[in-house]
Amino acid sequence: MNMALSERPSQPLSGRPAGYLQLESYSSLRQFWTYLGGASTAGRRLSLMRGDSLGTCRRRIAGYRIPNAGGLIDAARVLAALEDGLTPHPALIALMADNPDVLRQTLNEGYDLGLDFVLAFTSARDLIVRPELKYRVSEFVPPANPLPEGLPLTPRRFARDELRVLLDRACGLAL
């Protein structure tokens, strides 16, 4: 569901739900609308969260991808997942041999890091965000030797300032 620029939600959330990170305190509806407008202009998909009305100040911003993001993988988490069961793949075997570079290269060559954000504005005037980050097969250059399905490819944790820059880029507000 794409939202028109003229639609400006004005009902703040009553509080900060679990899993959200504060981007700004003492923010404004204008800043929230700036992000929504920028996201729409940048071609991102804007949608309502389940249970929200059109007036609720919370939207999912989807469709931003970062290519060549293999260096952002949390190799320790992938390695921990491999302890439950290993599907033979050269990148995973190299990771188990303490060489994460092959996995990073595989991700760089055939995967993009997809970033979706749930952006909201609260009645306490906080601008909050919940990032949803996931590696996805590249739309343009799929991997020659894809990684096994169901492998939890988790990027490292990002600091608040890093998430702010990524959100700004996703919404076309920064280069």
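Helix α1 spans residues 29–41, and its 13 residues extend 18 Å from the first C-alpha to the last, close to the 18 Å expected at 1.5 Å a residue. The model in which this helix appears is a predicted one. Several residues of α1 are buried, namely Phe32, Tyr35, Leu36, Gly37, Gly38 and Ala39. The cover over these buried residues includes four strands, β2, β3, β4 and β5, together with helix α5. After α1 comes Gly43, which has a positive phi near 85°.

The setting of this helix may now be described. The chain contains five helices and five strands. Along the sequence these elements succeed one another in the pattern β-α-β-β-α-α-α-β-β-α. Taken along the principal axes, the box filled by the C-alpha atoms is roughly 50 × 30 × 30 Å. The chain has 175 residues, of which 42% count as buried. Among contacts between residues at least 6 apart in sequence, 73% link residues at least 24 apart.

Confidence in the prediction can be stated for the chain and for its elements. The mean pLDDT of the chain is 91, with 95% of the residues at 70 or more. Among the elements, β4 has the highest mean pLDDT, 97, whereas helix α2 (residues 75–82) has the lowest, 89. Where pLDDT is low, predicted coordinates should not be read in detail.

The five strands form an open sheet with antiparallel pairing, and their order is β1-β5-β4-β3-β2. Its edges are β1 (21–24) and β2 (45–47), each of which pairs on one side only. On average, neighbouring strands of the sheet are turned by 30° against each other, direction ignored. In general, the strands of a sheet pair through backbone hydrogen bonds, in either a parallel or an antiparallel sense.

The pairings may be followed from the β2 edge inwards. Strands β2 and β3 run antiparallel and are joined by three bridges. Here Ser47 has Arg60 of β3 opposite to it. Strand β3 in turn pairs with β4 in the antiparallel sense, over eight bridges. In this pairing Arg59 faces Leu119 of β4 as its opposite residue. Strand β4 (residues 111–121) also pairs with β5 (residues 127–137), again in the antiparallel sense and over 11 bridges. Leu113 has Tyr135 of β5 as its bridge partner.

Two further helices are placed relative to this sheet. Helix α4 (residues 101–110) lies across β4 and β5, and its direction is at about 80° to β4. Helix α5 (residues 160–170) packs on the sheet and touches β1, β3 (58–67), β4 and β5. The direction of α5 makes about 65° with that of β1. Helix α5 is also among the elements that cover the buried residues of α1.

Two loop residues merit closer inspection. The first to be considered is His89, located in the loop between α2 and α3 (90–96). Its relative accessible area is 5%, so His89 is buried. Beyond residues up to four places away in sequence, His89 touches Thr106, Asn145, Pro146, Leu147 and Pro148. Leu147 is 58 residues from His89 along the chain, yet their C-alpha atoms are separated by 6.9 Å. A polar atom of the His89 side chain lies 3.5 Å from the backbone oxygen of Pro146.

The other residue is Ser138, which belongs to the loop between β5 and α5. Because its relative accessibility is 11%, and buried means under 20%, Ser138 counts as buried. The side chain of Ser138 reaches two backbone nitrogens: that of Phe140 at 3.2 Å, and that of Val141, which lies 3.2 Å from a polar atom of this side chain. Apart from neighbours within four places in sequence, Ser138 is in contact with Arg65, Gly110, Tyr111 and Asp112.

Terms used:
Residues are numbered from 1 along each chain as its sequence is written. Side-chain values use heavy atoms; hydrogens and water are left out. Two strands pair if DSSP finds at least two bridges between them. Axes are lines fitted to C-alpha atoms, for helices over the stretch in contact, and angles run from 0 to 180 degrees between N-to-C directions. Contact means heavy atoms within 4.5 Å. pLDDT is the predictor's confidence in each residue, from 0 to 100. Buried means under 20% relative accessible area, exposed over 50%, partly exposed in between (1.4 Å probe, protein chains only). A polar contact is a pair of N or O atoms within 3.5 Å; within protein, one must be able to donate a hydrogen and the other to accept it, and residues adjacent in sequence count only if both atoms are side-chain atoms. The expected span of a helix is 1.5 Å times one less than its number of residues.
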